[in-house]
Amino acid sequence: MSARDGTEKMLFTAEQIAARVRELGAEISRDHAGSDSLVVLCVLKGSFVFCADLCRAIDLPLRVEFLAVQSYGSSTKSSGDVQITQDLTRPIEGEHVLIVEDIVDTGLTLSFLLGLLKTRNPKSLEVCALLHKPARKKRHVDIDYLGFTIEDEFVVGYGLDHGQKYRNVPDLVVIDASD
Ligand code: PRP
């Protein structure tokens, strides 16, 4: 499936993404070997594809939780106004929590989430992000596991959207989102 109309640029193919996700899964499995309380926290909506693949690349007992945030609305620019639109259904107190994000852009969403989740007393709190766009950083956040660093371009596919479209595109592609 094509992202748009032929003007898009391929960033990472589905095969390249799969290879990187396998590496991340292996790294997380090694680092958490012996742990039986890993909570993989999928930040909806954008992370749903990445998280589904990452979970299957982690060779450990784990549970998956979902939390939905919205920071962009229908715009392509971060408003900085982060809202929880769906909260966790179970406590994370005393658990090792791995936040899974599709992209860290300004860092505002993750910074907000880390602050919120720390108040719930997890045993540890780590971040795995598929993409990092340092050019637009407003808040520094530590990313423990990172897939790819990218330029300041608008990326869709593999869960990432533009106006809620293109999440089902298997590759990561750059589109002109200046409209
Ligand atoms: C995207 C992405 C991150 C956030 C990153 O979510 O999934 O959560 O933006 O941007 P930031 O670092 O500038 O805060 P979005 O609000 O687009 O919602 P979605 O995941 O439902 O697509």
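This note goes through the sheets, helices, cores, cysteines and aromatic rings of a predicted model.

1. The six-stranded sheet. Six strands make up an open sheet, and their order across it is β4-β3-β2-β5-β6-β7. The pairing in this sheet is mixed. At its edges stand β4, residues 83–86, and β7, residues 145–149. Each of these two has a single partner strand, so one side of each lacks a neighbour in the sheet. From one strand to the next, the twist averages 30°.

2. A parallel pair within that sheet. Strand β2 covers residues 38–44 and strand β3 covers residues 62–70. The two run parallel and are joined by seven bridges. At L44, the residue standing opposite in β3 is A68.

3. Helix α2 on the sheet. Residues 48–57 form helix α2, which packs on the sheet. The strands touched by α2 are β2, β3, β5 (96–104) and β6 (124–132). The direction of α2 makes about 160° with that of β2.

4. Helix α3. This helix spans residues 108–118 and lies across β2, β3, β4, β5 and β6. Relative to β5, α3 runs at about 165°. Its buried residues are L108, T109, L110, L113, L114 and L117. Their cover includes β2, β3, β4, β5 and β6.

5. The three-stranded sheet. A further open sheet has three strands in the order β1-β9-β8, and its pairing is antiparallel. Here β1 and β8 (154–156) are at the edges; each has a single partner strand, so one side of each is without a neighbour in the sheet. The twist in this sheet averages 40° from one strand to the next. Three bridges link β1 and β9 in the antiparallel sense. One bridge partner in β9 is V174, which pairs with K9.

6. The largest nonpolar core. This core holds 30 residues, and the ones with the most contacts inside it are F50, L54, L131 and L172. Two or more residues come from each of α1 (14–31), β2, α2, β5, β6, β7 and β9 (172–175). The element giving the most is α2, with five residues. Leaving out residues up to four places away in sequence, L54 touches V21, L24, G25, I28, V100 and C128.

7. A separate core. Apart from the largest core lies another, of 19 residues. Among its residues are V69, V97, V104 and L113. Of these, L113 is also listed with the buried residues of α3.

8. Cysteines without a bond. Why does the sulfur of C42 not bond to the closest cysteine sulfur? That sulfur is in C51, 3.9 Å away, which is too far for a bond, because a disulfide requires sulfur atoms within 2.5 Å. For C128 the closest cysteine sulfur is again in C51, at 8.7 Å, also too far for a bond. A search of the whole structure finds zero disulfides. C42 is buried, with 1% relative accessibility, and C128 is buried at 0%.

9. The surroundings of C128. This residue lies in strand β6. Aside from neighbours within four places in sequence, C128 contacts L24, I28, F50, L54, L98, I99, V100, E101 and Y145. One of these partners, L54, is 74 residues from C128 along the chain, yet the C-alpha atoms of the two are separated by 9.6 Å.

10. The aromatic pair. How many aromatic pairs does the structure hold? There is one. It is formed by F12 and F148, and the pair is stacked, with 3.8 Å centre to centre and 15° between the planes. F12 lies in strand β1, residues 9–12, and F148 in strand β7, so the pair ties together parts that are 136 residues apart in sequence. Both F12 and F148 are buried.

Key:
Residues numbered from 1 in each chain as written. Predicted model: local features only at pLDDT ≥ 70, side-chain atom pairs only at ≥ 80, totals over all residues. Heavy atoms only, no water. Buried < 20%, exposed > 50% of the residue type's maximum accessible area, 1.4 Å probe, protein only. Pairing = 2+ DSSP bridges. Helix = DSSP H or I, 4+ residues; strand = E, 2+ residues; numbered from the N terminus. Axes fitted to C-alpha atoms, helices over the stretch in contact; angles between N-to-C directions. Contact = heavy atoms within 4.5 Å. Core = buried A, V, L, I, M, F, W, Y, C linked by side-chain atoms within 4.5 Å. Phe/Tyr/Trp six-rings, centres within 6.5 Å; stacked < 30°, edge-to-face > 60°.
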